[in-house]
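These are my notebook entries on a single structure. I looked up the surroundings of the ligand, the strand pairing and the burial of selected elements.

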Amino acid sequence: MSKLIHVAAAAIFNDSGELLLALRDKAQHQGGLWEFPGGKVESGEDVHSALARELQEELGIEIDQSSTVPLIQVPYHYPDKSVLLDVFRVNRFIGQAYGREGQPLDWVKLSDLSGYQFPAANRPIVNALLLPSAIAITPQLQPEQYSEFVHQAFLKGAQAIMLRAKHLSEPEQFHLYQQLSAQCQGRLIIWNGSVDIANGAAVSALHLSSARLMQLNHREAYCGRWLGASCHNEEQIRRAEQVGVDYITLSPVQTTSSHPEVTPMGWAEYSRLANESSLPVYALGGVSMEDLDRTIQAGGQGIAAISCFC
Ligand SMILES: Nc1nc2c([nH]c(=O)n2[C@H]2C[C@H](O)[C@@H](COP(=O)(O)OP(=O)(O)OP(=O)(O)O)O2)c(=O)[nH]1
Ligand SMILES: [Mg+2]
């Protein structure tokens, strides 16, 4: 397999929360498609300097390291070359962005991103931009207690809910899913269950256990928009990538009360696995909202947790 070409790229936001896209020239590799501005890291250059240089060369804007936050690293093998897209979120910049190389630019709302055609390697980047950074997973409760849990979880900073209620019957789970979907008012609600039931009930976000992930052969078997999976080791992560899921949770990062007998992987191993994976990776197991910044700095998407939202 050819050597990975290290590419620094930026998801640049303006004060209105719009994202800057540039159109690649037809003559370039992956030409005619929209991209996140950036380019190749030169030999001897660090990725932050490369990003600042590329954004100056391509857009005429100035950034510094304090205004960039890691978004995702995506290794990707095209038939003709292999790239490592090292993508940062840029929330502050100096200057007025314009296409210095004549390339058309567009400021785009996140909700309009699906209307743009990107290189194949960009799918996880778009997913990382659309997915939340904090998911509250429901503990085992009586059916009438879930609504209060969801209410509290949003107050405590969760941006999405994963309904995991294996102690209830499937009709009860589905009834709860519908009730909580109404309560979430457009925020993401993920159902932890099987592909068949999710398809039958037109569930738009499904999370698979690692056992269900290993049994799934094709992403297309699930009809909804978001597909996630629980992973605990490299074999499961590779499987999730092959199947083409949209995100994974990786656990346990730290000792957790729900599985006290399992040895946690620790932050260094979490970071290594998250960076090697092409997918958005949530830290799970003994983590809380206080770990959000370190998770993102470690190359993760965010946190998924039960206890800290109870
Ligand atoms: N900048 C950027 N490159 C991307 C994206 N997605 C994707 O697959 N790529 C690929 C295309 C290229 O093979 C490589 C980046 O190369 P580039 O053409 O931007 O590099 P550069 O700015 O240094 O340009 P050049 O001087 O080599 O022409 O990464 C993306 O969103 N942004
Ligand atoms: Mg470029």
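The entries below follow the order in which I consulted the model, which is a predicted one.

**Entry 1: the annotated span.** I began with the record. UniProt lists residues 3-131 as "domain: Nudix hydrolase", in an unreviewed entry. I then looked up the composition of this span and found 16% helix and 33% strand. The end C-alpha atoms of residues 3-131 lie 30 Å apart.

**Entry 2: the shell around ligand 1.** Which residues come nearest to ligand 1? I noted Glu-35, Gly-38, Gly-39, Lys-40 and Pro-119, out of 17 residues around the ligand. Sorted by class, the shell holds 7 nonpolar, 6 polar and 4 charged residues. I next asked which strands supply at least two residues each to this shell. They are β1, β4 (38-40) and β6 (82-90). The greatest contribution comes from β4, which gives 3 residues.

**Entry 3: pairing of β1.** Since β1 takes part in the shell around ligand 1, I looked up its partners. β1 and β6 run parallel and are joined by 9 bridges. Within this pair, I found His-6 bridged to Leu-84 in β6. With β4, by contrast, β1 pairs in the antiparallel sense, over 3 bridges. Here Ala-9 stands opposite Gly-38 of β4. Gly-38 is also among the residues that come nearest to ligand 1.

**Entry 4: the open sheet of β3, β2 and β7.** I recorded an open sheet of 3 strands, in the order β3-β2-β7, with antiparallel pairing. Its edge strands are β3 (34-35) and β7 (105-108), each of which pairs on one side only. Between β2 and β7 I noted 4 bridges, in the antiparallel sense. Ala-22 has Leu-105 of β7 opposite it.

**Entry 5: Gly-17.** I turned to the loop between β1 (4-12) and β2 (19-23), where Gly-17 is found. Is Gly-17 buried or exposed? I found 10 other C-beta atoms within 10 Å, and Gly-17 is therefore exposed; the cut-off for an exposed residue is 12 or fewer. I also checked the separation of Gly-17 from Trp-107: the two are 90 residues apart in sequence, and their C-alpha atoms are 9.3 Å apart in space.

**Entry 6: β11, β12 and β13.** I then moved to strand β12 (residues 226-231), where 5 of the 6 residues are buried, so that the strand is mostly covered. Strand β11 (residues 205-208) pairs with β12 in the parallel sense over 4 bridges. In that pairing, Leu-208 has Ala-229 of β12 as its bridge partner. I traced the connection as well: β11, helix α6 (residues 210-215) and β12 make a right-handed β-α-β unit. The chain then crosses from β12 through α7 to β13, in a β-α-β crossover that is again right-handed. β12 and β13 run parallel, joined by 4 bridges. Ala-229 stands opposite Ile-248 in β13, and Ala-229 is also the bridge partner of Leu-208.

**Entry 7: helix α8.** Which residues of helix α8 (residues 266-276) are buried? I listed Tyr-270, Ser-271, Leu-273 and Ala-274. My last check concerned what the buried residues of α8 pack against, and I found α7 (234-243), β13 (247-250) and β14 (281-284). Two of these, α7 and β13, belong to the crossover that starts from β12.

Methods
Residues numbered from 1 in each chain as written. Chains lettered and ligands numbered in written order. Predicted model: local features only at pLDDT ≥ 70, side-chain atom pairs only at ≥ 80, totals over all residues. Buried ≥ 20, exposed ≤ 12 C-beta atoms within 10 Å, placed from the backbone. Near = placed C-beta within 6 Å. Nonpolar A, V, L, I, M, F, W, Y, C, P; charged D, E, K, R; others polar. Pairing = 2+ DSSP bridges. UniProt positions renumbered as here; feature names shortened; annotations may be inferred. Contact = placed C-beta atoms within 7 Å. Right-handed = clockwise from strand over helix to strand, strands pointing away.
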